[in-house]
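Hello,

Here is the structure you asked to look at. My notes on it follow below.

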Amino acid sequence: MKGQHFLVDKRIAERQIGYAALSDKDVVLEIGAGYGVLTKRIARKAKKVIAVEIDKKLADSLANSLDGMSNVDIISRDILKIDFKDMEFNKVVSNLPYQISSPVTFKLLESDFDMGILMYQKEFADRLVAKPGSKNYSRLSVMASYAADWEMLEAVSPAAFRPRPRVYSAIVKVVPGKPKFEVENEALFYELTRVLFSHRRKKIKNSLLIEGLVSPEEVEKVPYREKRVEVLTPQQIGEISDVIAGMKNEGKDKKNI
């Protein structure tokens, strides 16, 4: 069972289905199907369910309990090893295995879908939706908000699961879209965000110098250099990224002269 906690509260499952606003045109991806508490409810509303469950025994048990539901495809594989390009789905409704929340989230954001209703550990969900200046604001907050809109829908008690986790969970709505702002070099933006949050208590200029992203002369051209990353918006981090990208391009041009 890979350490997963399974939802057993049917009222919460019904609310998740309601949040997803499913219709007979929807193809839904479910990650971590478990005993099928969500699977069967999705199948009654949607055109098709793609239910991924890594545990072969659970996958077989689910298949044997579908009572003739022909619109459920069960895949017993590691979701992190599946190429989403080989799948067609427009919604995601899942109680995610918490130990893979981060890689699954970013894997999903690289794919094309309309909306997701996802259950996370609440601490992780708090970081997803955190705003600049708050204690939960993190690299995850920046990367998530750059790629999608996130909304915390409700907290869920440990009593809703078997076995009971030690922490609260939360249902989150995600709507992917175009990035909220443009950056000149996306890879640099991601790396810069990582660097700044690994030194979140230091001023921007000191973080950049420690990691060698700029020279002492170049750092004076960096905006917000006297601030700390925890108060900057994702777009302001993007501005820093673009300035650094510009200086790197200028340096390459000089070498080519």
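Subject: what was found in the model

The protein chain has nine helices and nine strands. Please bear in mind that this is a predicted model. Along the principal axes, the C-alpha atoms of the chain fill a box of roughly 70 × 40 × 30 Å. Of the 257 residues in the chain, 48% are buried. Among the contacts with a separation of 6 or more, 61% are between residues 24 or more positions apart.

Nonpolar cores

In soluble globular proteins, nonpolar side chains tend to be buried together. In this model the largest nonpolar core has 30 residues, and Leu29, Leu108, Tyr120 and Trp150 have the most contacts inside it. At least two residues of this core come from each of β2 (27-31), β3 (48-52), α4, β6 (115-121), α5, α6, β7 (148-156) and β9 (169-176). A second core, separate from that one, has 27 residues, including Leu7, Ile42, Val93 and Ala160.

Leu108 is worth selecting in the viewer. Leaving out residues up to four places away in sequence, Leu108 touches Leu29, Ile31, Phe84, Val92, Phe113 and Leu118.

The pocket

The largest pocket has a volume of about 470 Å³. It is lined by 19 residues, and those closest to its centre are Phe106, Leu109, Met143, Ala147 and Tyr190. Four helices each supply at least two residues of the lining: α4 (101-109), α5 (122-128), α6 (139-147) and α7 (186-198). The largest share comes from α6, with five residues. By class, the lining has eleven nonpolar, three polar and five charged residues.

Cavities

There are two cavities of 30 Å³ or more in the structure. The largest cavity holds about 90 Å³ of space. Its lining has 13 residues, and Phe6, Leu7, Gly32, Ala33 and Asn95 lie nearest its centre. That lining divides into six nonpolar residues, six polar and one charged. Leu7 therefore turns up in two places: in the second core and in the lining of the largest cavity, where the cut-off is an atom within 4 Å of a cavity point.

The second largest cavity holds about 30 Å³. Its lining consists of Thr105, Leu108, Leu109, Phe113, Leu118, Tyr120, Trp150 and Val174. Two elements, α4 and β6, give two or more residues to this lining, and α4 gives the most, with three. By class, the lining has seven nonpolar residues, one polar and no charged ones. Leu108, Tyr120 and Trp150 in this lining are also among the residues with the most contacts inside the largest core. Leu109 lines this cavity and is one of the residues closest to the centre of the largest pocket.

Salt bridges

The structure holds 14 salt bridges. Three of them, with their settings, are described here.

Lys56 and Asp60 are joined through their side chains, at 3.0 Å from N to O. They are four residues apart in helix α3 (residues 56-64), so about one helical turn separates them. Lys56 counts as exposed because its relative accessibility is 52%, while Asp60, at 34%, is partly exposed.

The side chains of Lys180 and Asp149 form another salt bridge, at 2.9 Å from N to O. Lys180 is in the loop between β9 and α7 and Asp149 is in strand β7, so this pair ties together parts that are 31 residues apart in sequence. Lys180 is partly exposed, at 44% relative accessibility, and Asp149 is partly exposed, with a relative accessible area of 44%.

Glu226 and Lys205 also meet in a salt bridge, at 2.8 Å from N to O. Glu226 lies in the loop between α8 (204-211) and α9, and Lys205 lies in helix α8, so the pair ties together parts that are 21 residues apart in sequence. Glu226 is partly exposed at 40%, as is Lys205 at 22%. Elsewhere, Arg200, Arg201 and Glu230 are joined into one network by salt bridges that share partners.

A buried serine

Ser241 sits in helix α9 (residues 234-256). Its relative accessibility is 0%, so Ser241 counts as buried. Apart from neighbours within four places in sequence, Ser241 is in contact with Asn185, Leu188, Phe189 and Leu192.

Regards

Methods: Residues numbered from 1 in each chain as written. Predicted model: local features only at pLDDT ≥ 70, side-chain atom pairs only at ≥ 80, totals over all residues. Heavy atoms only, no water. 1 Å grid on protein atoms, 1.4 Å probe; cavity = no way out; pocket = protein on both sides within 12 Å on 5 of 7 lines; lining within 4 Å. Points joined across faces, edges and corners; volume = space filled by probe spheres on them. Nonpolar A, V, L, I, M, F, W, Y, C, P; charged D, E, K, R; others polar. Core = buried A, V, L, I, M, F, W, Y, C linked by side-chain atoms within 4.5 Å. Buried < 20%, exposed > 50% of the residue type's maximum accessible area, 1.4 Å probe, protein only. Contact = heavy atoms within 4.5 Å. Salt bridge = Lys/Arg side-chain N within 4 Å of Asp/Glu carboxyl O.
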